[in-house]
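The following exercises concern a structure that should be kept in view while working. Please read each task, attempt it, and then compare the attempt with the worked solution.

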Amino acid sequence: MKTVIKGAGYILAHTPDMVLHNGTTQTTERIVNPESEYLKELPSHLRDWNTVLGYWPNQVYIGNKTPDDLAAIPQPWCDKTCDVNDRFGPYGQMMPQEEFLLMMQAVDVFSLVKLEKSFVETYKPVLAQNPLIDESILNRIVEGIDGAEIARLVAEEHSEGLYHNNVLVGCVNRAHDIDVNLSAHVMHENMVSKASSVLALLAALKNAGIDKNDVEYVVDCCEEACGDMNQRGGGNFAKAAAEIAGLNNATGSDVRGFCAGPAHALIDAASLVAAGTFKTVVVTAGGCTAKLGMNGKDHVKKGLPIMEDMIGGFCIVLTQDDGVSPEINLNIVGRHTVGTGSAPQAVISSLVTESLDRNGLKITDIDKYSPEMQNPDITKPAGAGDVPLANYKMIAALAVKRGEIGRADIASFADKYGLTGWAPTQGHIPSGVPAIGYLCDKIKAGEMNRAMIIGKGSLFLGRMTNLFDGASFVIQANSGPEAPAGVSEDEVKKMIAKAMREFAATLLAAEE
Amino acid sequence: MAILAGKKVIIIGDRDGIPGPAIEECAKSAGAEVVFSSTECFV
Amino acid sequence: MDLENQKRVLALSEEYGAENIVVLLGASEGEASSLAAETVTAGDPTFAGPLTGVQLGLTVFHVCEPEIKEEVDPAVYDEQCGMMEMVMDIDDICNEMAPIRAEYCKYL
């Protein structure tokens, strides 16, 4: 059975105050260097809502612009304004901080998220206008509490403050007095992940045009962990988000693998559909507060705005074949194995050419590659280079070694087979998946046949292994109706007759 | 005089450049002893 | 540089003697290389880690600099770094590393 990609959802939440209060670069700096120039300078480098709306890479993320449009705009992009500044796009939306804080309360089932009274009164009607938000979500937002009580909770009860325009407007309480796994910090991080995942789920289901009750299984592939001191990574973000999104017929589970998580999750999900285990499986992930402002020091030092101010989320809906939608080819799955090693050429071979070779394909038989689609506007000033471009150079170098392209073609390889990166540096969010919406559009329009999604994960950061990881798969144009499965009675008779003849022949041979 | 032979080597690899374990192989082949190897990630 | 890595660099320098240590980097480009090189020689320029204000002056190279490549088994080098040589701007890395070494390395 084939698995097709029925739809995708991509969302961003603008959270400038969380850059200051929750990004680990900033929280670390506040511990080791509380009086630093960086912390003093940082607030003046934050972007306002209008600026993020007009930021080119953001408009590509929600689908109002394409990666091709972006490639035509000279870098840097942070000093340019996109000619579209709509917060809604064909793939999803950008959500301003005030709405997102309400979303955090809407996904809270343990009365941990507290918001100030007038804040709720002012912004709940605004959230109600959001086309993705229905009564079931709005009704979860409770009347706010006194600002003084919020200040007390933050000062005395270890609650994590929620700020808007640098004003304390709410907090996330700890869920346990002693258990660090349920601390206010962890609950805040997880609530942000859940809220952005729910929003992505809602966007994807709407785009796929399927009934919520059709979803049988949800796979979450973010990089957070939820649990308590007796089961620190117990889970399950997937089911928790499905509950809020109203997917009553679904269960789910979490798949983890650092930034490679989404690639693993999509292979798992596609296999579940292909095996007939479930008819509709969605893969979802919310974003990550820790990475907000991750490269802020370099951005501030260079007089640039803080561009890591967006929480990302994505969701991909997979169903059984509909005869139209692009399919996931599970025969062309690449994987970095334990034995692959760390040498970059071994890594890229394991992810790109090993699976192509098995299928008799060349590197140039893939129309587009989507490896890690990090926005170079963010990574280049931070000394991390242009990550997608580096990946394309590696694939091109491999193609040269295999004699599939000439050495002179390396420079143009990225233009022809690559995409310019646009995704926020939210770890798993850029990892191959941001292009799926665009690639499916191109494939459906007949402008492309095959694309490869590549996820890579830095497992070594968990200090449990020194290994790297990665997985890849190919999406392709729908190949039309499948031949009926199974074998006819006639064929069975022929097979038995053949086997009998062969057996007789071996007996005769043995007698001789 | 050789830079690596007989020396204790500390490796700070990069996920998007040369990762730690790949540098380890190089250093060992030059007769150095690897005393620490790590890989950084900026994304 | 990651704070834990700085801590390890400091501890190992004390354990083995700074003159016996060589730091090998694998950064993807010049600026990141020189930042890491500066950290293990003149101290953490971001004032965040244990090497802040500590002038270890360690010998430091990027693994793709010719001085190191020369000493590595060519087959091993080709297998581990060959492709990245085509991908990274090695000249940029060398140009960034040399002045840091000239100014801060104490054991060359």
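Two residues are in contact when heavy atoms of theirs lie within 4.5 Å. The model is predicted.

**Exercise 1.** Determine how many residues of chain B and of chain A are in contact, and which residues of chain B supply half of its buried area.

*Solution.*
Step 1. Apply the contact cut-off between the chains: 11 residues of chain B touch 20 residues of chain A.
Step 2. Turn to the area buried between chain B and chain A, which is about 1200 Å². Carbon and sulfur atoms give 59% of this area.
Step 3. Divide the share of chain B among its residues. Arg15(B), Phe42(B) and Val43(B) supply 50% of the area that chain B buries against chain A, more than any other three residues.

**Exercise 2.** Identify the salt bridge across the interface and describe the side of chain B that touches chain A.

*Solution.*
Step 1. Search for salt bridges between chain B and chain A; the rule finds one.
Step 2. Name the partners: Arg15(B) is paired with Glu372(A), and their closest N and O atoms are 2.3 Å apart. A salt bridge requires such a nitrogen and oxygen within 4 Å, so this pair qualifies.
Step 3. Count the polar contacts: three residue pairs between chain B and chain A, with both residues at pLDDT 80 or more.
Step 4. Locate the contributing elements. In chain B, α1 (20–29) and β2 (33–40) each supply at least two residues of the side that touches chain A.
Step 5. Sort that side of chain B by class: six residues are nonpolar, three are polar and two are charged.

**Exercise 3.** Describe the fold pattern and the extent of chain B.

*Solution.*
Step 1. Count the elements of chain B: one helix and two strands.
Step 2. Read along the sequence, which gives the pattern β-α-β.
Step 3. Take the box along the principal axes: the C-alpha atoms of chain B fill roughly 35 × 15 × 15 Å.

**Exercise 4.** Work out the strand order of the open three-stranded sheet in chain A and find which helices pack on the sheet.

*Solution.*
Step 1. Recall that strands of a sheet pair through backbone hydrogen bonds, either parallel or antiparallel.
Step 2. Read the order, β4-β6-β5 of chain A, with antiparallel pairing.
Step 3. Find the edges: β4 (113–115) and β5 (160–164) of chain A each pair on one side only.
Step 4. Note the twist, which averages 30° from one strand to the next.
Step 5. Examine one pairing. Three bridges join β4(A) to β6(A), residues 167–172, and Leu115(A) stands opposite Gly170(A).
Step 6. Add the helices. Helix α8 (residues 117–128) of chain A touches β4, β5 and β6 of chain A, at about 85° to the direction of β4(A). Helix α10 (residues 147–156) of chain A also touches β4, β5 and β6 of chain A, and its direction makes about 65° with that of β6(A).

Conventions:
Residues are numbered from 1 along each chain as its sequence is written. Chains are lettered from A and ligands numbered from 1 in the order in which they are written. This is a predicted model: local features need pLDDT of at least 70, side-chain atom pairs count only at pLDDT 80 or more; totals for chains, interfaces and linings use all residues. Side-chain values use heavy atoms; hydrogens and water are left out. Buried area is the accessible area (1.4 Å probe) that two parts lose on being put together, summed over both. A salt bridge is a side-chain nitrogen of Lys or Arg within 4 Å of a carboxyl oxygen of Asp or Glu. A polar contact is a pair of N or O atoms within 3.5 Å; within protein, one must be able to donate a hydrogen and the other to accept it, and residues adjacent in sequence count only if both atoms are side-chain atoms. Helices (H or I, at least four residues) and strands (E, at least two) are DSSP runs, numbered from the N terminus. Ala, Val, Leu, Ile, Met, Phe, Trp, Tyr, Cys and Pro count as nonpolar, Asp, Glu, Lys and Arg as charged, and the others, Gly among them, as polar. Two strands pair if DSSP finds at least two bridges between them. Axes are lines fitted to C-alpha atoms, for helices over the stretch in contact, and angles run from 0 to 180 degrees between N-to-C directions.
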